[in-house]
Amino acid sequence: MKTKANVIFTAFEAAPFIKTGGLGDVGGALPPALNKAGCDVKVILPKLSVIPEKYKKKMEPVQTLTVPLSWRNQYCGVEKLTYHGVTFYFLDNEYYFKRDKVYGHLDDGERVAFFSKAVLESILKVEELQCDILHCNDWHTALVPVFLREFYMGAEKMAKIKTVFSVHNLKFQGIFSEEMLGDVLGLDSKPAASQLCQGRGAINFMKGALLYSDVLSTVSPTYAEEIKGSYFGEKLEGIFNKRSDRLFGILNGIDTTEYNPQKDKKLPAAFDKENLAGKAICKAELQRKIGLEVKENTPLITLITRLTEQKGLDLILRILDELLQEDVQIAVLGTGDEKYENALREAENRYKGKMCAYLAFDPALSHLFYAGADLLMMPSRFEPCGLSQMIAMRYGTLPVVRETGGLKDSVIPYNKYTGEGTGFSFSDFNAHQFLFVLKDAIGVYLSDQEAWNKLVVQAMETDVSWKIHAKEYADIYKKLMEGSL
């Protein structure tokens, strides 16, 4: 029994090549961590137009393939480059991938179906792609385990591959017309493929992966339990309960090289837990940059997120006026639903100097927001994992979170009697609870600097890297290869 697993990790995005959210962060940071945990990992991505040109220029051609997709036979070019010790393979087809944005196209179902089939054709036909474990992520690769079992198990190279499917956000499942089952997927003659069907006239890509994969995982232990219930289960809770012995909740980590206050070139000053002077410089620079009054001893509360209902924007807007009566400043960075953007703009106009709504997607500026703030708001309705709270702790900014999903698993609430904690939390999706815990945090900042500084140091000392959690994945891979799982 060999000890080193050959892992093919496939997703529709991975930083720094393609990133629209947390999935991109995981796709970029987990594979190198898995290599350090003793695996041999290669990553397969679509070669989308949004990939920066500086990376495209470094890609080397590997092979060209013909990919069968129902009645179609489509071209696929395979290219590769090595980044941070990991070999990334990019599957090229301009008909599907030469688009101005990653998602939101009328043929997204066909695009991801092509990519899923192309992943398997690449593993089958490209000699250097050896695979023991095929790790797929979210609905964009949910058809890979389905296609593997239905079309490829007769090939010697494919017969022993084990599949892991990770759910990053159950809200997005890939639901399409049942006509796709035959016309695009070519599965209409496969009896077992009826498991993809959902309700009248629809198929669900993610449902297929949940039933066809050897192991299921999601991005925090709490979320793994939450999705077994109807509130979080999004009509798939029955499958999670039925397969609970194959469902694992593994908390995400972050790229601690990218997010490192000691070496972050995007900041005006470096700092660490031993010397926080640079954090004060970052706070003053952030205040100046976004038009807030430069006030060293006023708590600066930030929100760095997509502006959607999931992220608790309704709670924030409900308490915003009362919160701004306190001696605080609020800085928002993000874009999203128009109603939330408009409400935040209006609040900024009423509270000039105390409130800034910087409505943009600006990853570089986000580093200054994390480093310059004192508190980060994350009152999410649900949060499978969440990365912002971990990044904030890395920069000594204390998160205020609702106890759901990965927020509950990664933030230790402040205990005023013992001094323990890495942030502040509340349990119910309730505006009054949220406001109460925010005022509590503000009170600690203004009246007990010793306790506050201790919390900041404890937050910065928290291991938010992938080291522990990559080992958990590696252990699952090993058990699958041994046949003990």
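Tutor: Two strands pair if DSSP finds at least two bridges between them. The strands, of at least two residues (E), and the helices, of at least four (H or I), are DSSP runs numbered from the N terminus. The model is predicted, so local features need pLDDT of at least 70 and side-chain atom pairs pLDDT 80 or more, while totals for chains, interfaces and linings use all residues. Residues are numbered from 1 along each chain as its sequence is written, and side-chain values use heavy atoms, without hydrogens or water.

Student: How many bridges join strand 12 to strand 15?
Tutor: Start by finding the two elements: strand 12 covers residues 300-304 and strand 15 covers 375-378. They run parallel. One residue of the pairing is I301, whose bridge partner in strand 15 is L375. The number of bridges between the two strands is 2.

Student: Which are the edge strands of the open sheet?
Tutor: The sheet has 6 strands in parallel pairing, in the order 14-13-12-15-16-17. An edge strand pairs on one side only. The edges are therefore strand 14 (355-358) and strand 17 (424-426).

Student: On to the rings. How many residues apart are F12 and F115?
Tutor: The structure holds 23 aromatic pairs (Phe, Tyr or six-membered Trp rings with centres within 6.5 Å; planes under 30 degrees apart are stacked, over 60 edge-to-face, the rest tilted). One of them joins F12 and F115, edge-to-face, at 5.5 Å centre to centre and 90° between the planes. F12 lies in the loop between strand 1 (6-10) and helix 1 (22-36), and F115 in helix 4 (residues 108-125). The pair links distant parts of the chain, with a separation in residues of 103.

Student: Why does the pair of F17 and Y83 count as edge-to-face?
Tutor: The ring centres are 5.5 Å apart, and it is the plane angle that decides the class. Because that angle exceeds the cut-off, the pair is edge-to-face, at 70°.

Student: Which parts does that pair tie together, and how far apart are they in sequence?
Tutor: F17 is in the loop between strand 1 and helix 1, whereas Y83 is in strand 4 (residues 72-83). The pair therefore ties together parts whose separation in residues is 66.

Student: Is Y83 buried or partly exposed?
Tutor: Buried means under 20% relative accessible area and exposed over 50%, with partly exposed in between (1.4 Å probe, protein chains only). F17, at 2%, is buried, and so are both F12 and F115. Y83 has a relative accessible area of 24%, so Y83 is partly exposed.

Student: How far is the charged end of K117 from the ring centre of F151?
Tutor: A charge sits over a ring if NZ of Lys or CZ of Arg is within 6 Å of the centre and within 35 degrees of the normal. The charged end of K117 sits over the ring of F147, 5.3 Å from its centre. The charged end of K117 also sits over the ring of F151, where the distance to the centre is 4.5 Å.

Student: Finally, how far apart in space are L292 and C356?
Tutor: L292 is found in the loop between helix 11 (277-290) and strand 12, and is buried at a relative accessible area of 6%. L292 and C356 are 64 residues apart in sequence. From C-alpha to C-alpha, their distance is 7.0 Å.
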